[in-house]
Amino acid sequence: MSVATETFVARLDRVPLNAFHWRLLILAGIGWAFDAMDVLMLSFLLAPIRGEFALDATQIGLVPSATFVGMFLGAAVSGRLADRYGRRGVFTATLVIFSLGAALSALAPTFETLLVARVVAGLGLGGELPVASTLVSELSPRARRGRMIVLLESFWAYGTILAGIVAITVVAAYGWRWGFAIGAVPALYVAYLRRALPESPRYLAEQGRAPEADAIVRRVERAGGGAPLLTLAPAVAPPRAGRTRIAELFAPRYARRTAMLWVLWFGVVFTYYGIFLWIPSILAARGLSAVRSNEFFFLSTLAQVPGYFSAAWLVERIGRKPTLIAYLLGTAVSAFGFGNAGPGNDAFIWAALLSFFNLGAWGVVYTVTPELYPTAVRATGAGVAAAVGRLGGIIGPYLTPVLVVSITQGGTFAIFMVILVITAAVVAILGEETRGRSLEEIAPAAAAA
């Protein structure tokens, strides 16, 4: 294809990483970190919340589950809204909703109002993550797209670390309500900063707004230090899919991908929240003090950072599929090891390995999900897959304490291991490699399948 007839989307794929991309990554990532801080803060706050409201084991399990009910609804709705009305507006609105839910959680006077507040916070959380990954994916150059999404997901580790710092300092001194309050105001500020981010050129092109899309591509080109394409001819847009429905996700050309993503998301979310929200409580049951359990968990989460960065390197080096399978199996082995460890250094090592492999796998999940659908239903497909995963997030935290009582910690983590192995097997059988291909090349490949 000659330069004169090259679509502006193809030009977008060729632009090297520059200040525009890094600003996009940071603004998306900071919000992502506050989301992580809120969710992982629950692992530190469940015990004091239980004490203040005099809850039993069943009731306290409703707190994280209420958050995931909101995340399920937010993920299911936001993707469709982003495909219909644009990525940028939904991307910003979800962070505002999350901030509102976090503030309401801090002020909740009763257990019932706390549950409502957690649903509101979950709406923002669940809505933001698939839309953010879709926007960053559509604005990133093809050769670095996978790495950019894994780096975006790496902000989850920074939020987790921040949650630990807040828990052992602010919460320990001032109580659980401040744990929620700290995340509300900064997240609103990030939502304000996001107003400067552009809409996705791919979305604009799909809506027939080619001149606007071309102007954004030229902005990205200028940020890279190169001159944008100068021409008096109309901007060349990629082919449009036209009006699509959610049913498109189940059409023959995408059904295999949809099935793989749903199993992947459910398996990863179920095991992640079933394990990580309860690690401090599990360590306390092994004889560690509450303070020591929180410190232990916090230190083990530091392994998330190299987990993400290693996955970010591997997704462009060996590909998405082998990296994902390897990290899922690594998580499975680590889960079994942690479930059968004692309260000493062996448990710390296995917990650190859990953080390393599981969060590395998460980075690849967010990378591959928006890649598998065309622009017209990309956010919808990512949002629905995330919503299916959030069902696992509802069940996992509620089920873990029940399983520990009935089949012991070792039996519970053996179940997690089996689920992760099954998930890896489904990826191996149904998954496909997308490394080095443009988003426009990947979707027609499914149509021809």
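In this predicted model, helix H17 (residues 378-430) is the top contributor to a nonpolar patch, supplying four residues. The patch sits on the surface, covers about 370 Å², and is built from Phe 266, Leu 391, Ile 395, Leu 399 and Val 402. Leu 399 is one of the residues found in H17. With a relative accessibility of 31%, Leu 399 counts as partly exposed, and it just makes it into the patch because membership takes over 30% relative accessible area.

The surface also carries a patch of positive charge, where Arg 23, Arg 88, Arg 219 and Arg 222 come together. Of these, Arg 219 belongs to helix H10 (residues 210-223). Its relative accessibility is 34%, so Arg 219 is classed as partly exposed.

Helix H16 (residues 345-371) is a rather different story. Mostly covered, H16 has 19 of its 27 residues buried. From first C-alpha to last, H16 spans 40 Å, close to the 39 Å expected for its 27 residues at 1.5 Å a residue.

H16 also takes part in one of the 19 salt bridges that the structure holds. Here Glu 371 pairs with Arg 145, and the closest N and O atoms are 2.8 Å apart. Glu 371 sits in H16 and Arg 145 in helix H7 (residues 145-174), so to speak distant parts of the chain, 226 residues apart. Both ends are out of sight: Glu 371 is buried at a relative accessible area of 1%, and Arg 145 is likewise buried, at 1%.

A second long-range pair joins Glu 440 to Arg 202, again as a salt bridge, with an N to O distance of 2.8 Å. Because Glu 440 lies in helix H18 (residues 439-447) and Arg 202 in helix H9 (residues 201-206), this contact ties together parts of the chain that are 238 residues apart in sequence. The two partners do not share an environment: Glu 440 is partly exposed, with a relative accessible area of 26%, whereas Arg 202 is buried at 2%.

On a more local note, Glu 212 forms a salt bridge with Arg 209, with 2.9 Å between the closest N and O atoms. Both count as partly exposed, Glu 212 at 39% relative accessibility and Arg 209 at 33%. Beyond such pairs, Arg 11, Asp 214, Arg 218 and Glu 221 are joined into one network by salt bridges that share partners.

Conventions
Residues numbered from 1 in each chain as written. Predicted model: local features only at pLDDT ≥ 70, side-chain atom pairs only at ≥ 80, totals over all residues. Heavy atoms only, no water. Patch = residues over 30% accessible without salt bridge, like charges linked within 9 Å, V, L, I, M, F, W, Y side chains within 5 Å. Areas by Shrake-Rupley, 256 points an atom, 1.4 Å probe, with all protein chains shown as cover. Salt bridge = Lys/Arg side-chain N within 4 Å of Asp/Glu carboxyl O. Lys, Arg positive; Asp, Glu negative; His and termini not counted. Charge placed at Lys NZ, Arg CZ, Asp CG, Glu CD. Helix = DSSP H or I, 4+ residues; strand = E, 2+ residues; numbered from the N terminus. Buried < 20%, exposed > 50% of the residue type's maximum accessible area, 1.4 Å probe, protein only. Expected span 1.5 Å × (residues − 1).
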